[in-house]
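Student: I should like a close look at a single part of this protein, taken up from its aromatic rings. Please set that part within the rest of the fold in one connected account.

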Amino acid sequence: MPATTEKQALTALYIYNAPQALTALAKSVTRELKHFRAECRALVFVQRIEHGHAIASALNCEFYRGGSAEDITDAQRKAIVYRWLSGHHAVMVATDAFGPGNDYAHVRQVWMIGPAKGVVDFVQMAGRAGRDRAWAKVHTWIISNIQQRDSPELHRDTPELHMVLAKPT
């Protein structure tokens, strides 16, 4: 992973009204995409399959998810990645299954919806941005009723993420 430069930024946004969050996210992503050159891409990482479907629908893009998802085949996953890489869609929604091994250089924006499962997942997802050492932004959106603080889905090292978000450099 390239070293962080002054051209990379980390932002955190806490939204407490989940019904408005989807609309706000779609507007934010759409606004950023207007500034992209042809080779630039964006990723929206989600923690839950149902949120991925809803966000992909709102953004009119595709949703990549891992091998445990029974509704998608390996061939479909490869096709989704191909269409994203080729620019058919400048943005793709994905679970953390897409993070490792994706070395596309021109990812300019990464949105993480809900807290990452841990520091390693956070770094994997955030590390998709700016691999060419050009400017990149990572946005973390915590939406109150997507995952409650006492949810069993949260890993024990999540408090470490709060330290990273509080002081990213």
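**The aromatic pairs and their surroundings**

Tutor: The structure, which is a predicted model, holds three aromatic pairs. One of them is formed by W84 and F98, whose rings meet edge-to-face, with 5.5 Å from centre to centre and 90° between the planes. This pair links distant parts of the chain, since W84 belongs to helix 3 and F98 to the loop between strand 4 and strand 5, 14 residues apart. Both partners are removed from the surface: W84 is buried because its relative accessible area is 1%, and F98 counts as buried because its relative accessibility is 6%. The ring pairs also extend beyond these two residues, for they link Y64, W84, F98 and Y104 into a cluster.

F98 leads directly to the interior of the protein. The largest nonpolar core has 21 residues, and F98 is among those with the most contacts inside it, together with L43, F45, V110 and M112. Several elements each supply at least two residues of this core: strand 2 (41-46), helix 3 (74-85), strand 4 (91-94), strand 5 (107-113), helix 4 (119-126) and strand 6 (136-143). Apart from this core lies another, of 20 residues, which includes V29, V46, F63 and V93. In soluble globular proteins, nonpolar side chains tend to be buried together. M112 shows how one core residue is surrounded: leaving aside residues up to four places away in sequence, M112 touches F45, F122, M125, A126, V138, H139, T140 and W141.

Helix 3, the element that carries W84, also contains a salt bridge. The side chains of R77 and D74 meet at 2.6 Å, N to O, and both residues lie in helix 3, three residues apart, or about one turn of the helix. R77 is buried because its relative accessibility is 8%.

The loop between strand 4 and strand 5, which carries F98, takes part in a salt bridge as well. D96 and K117 meet through their side chains at 3.6 Å, N to O. Here D96 is in the loop between strand 4 and strand 5, whereas K117 is in the loop between strand 5 and helix 4, 21 residues away. D96 counts as partly exposed because its relative accessibility is 24%, and K117 is likewise partly exposed, with a relative accessible area of 27%. Elsewhere, salt bridges that share partners join D103, R128 and R131 into one network.

In total, there are 10 salt bridges. Another of them joins the side chains of K137 and E32, at 4.0 Å, N to O. K137 lies in strand 6 and E32 in helix 1, so this pair ties together parts that are 105 residues apart in sequence. The two partners differ in exposure: K137 is partly exposed, at 29% relative accessible area, while E32 is buried, at 14%. A charge also meets an aromatic ring, as the charged end of R108 sits over the ring of W135, 5.8 Å from its centre.

These links belong to a protein of five helices and six strands, which follow the pattern β-α-β-α-β-α-β-β-α-β-α along the sequence. Of its 169 residues, 46% count as buried. Among contacts with a separation of 6 or more, residues 24 or more positions apart account for 76%.

Terms used:
Residues numbered from 1 in each chain as written. Predicted model: local features only at pLDDT ≥ 70, side-chain atom pairs only at ≥ 80, totals over all residues. Heavy atoms only, no water. Core = buried A, V, L, I, M, F, W, Y, C linked by side-chain atoms within 4.5 Å. Buried < 20%, exposed > 50% of the residue type's maximum accessible area, 1.4 Å probe, protein only. Helix = DSSP H or I, 4+ residues; strand = E, 2+ residues; numbered from the N terminus. Contact = heavy atoms within 4.5 Å. Phe/Tyr/Trp six-rings, centres within 6.5 Å; stacked < 30°, edge-to-face > 60°. Lys NZ or Arg CZ within 6 Å of the ring centre and 35° of its normal.
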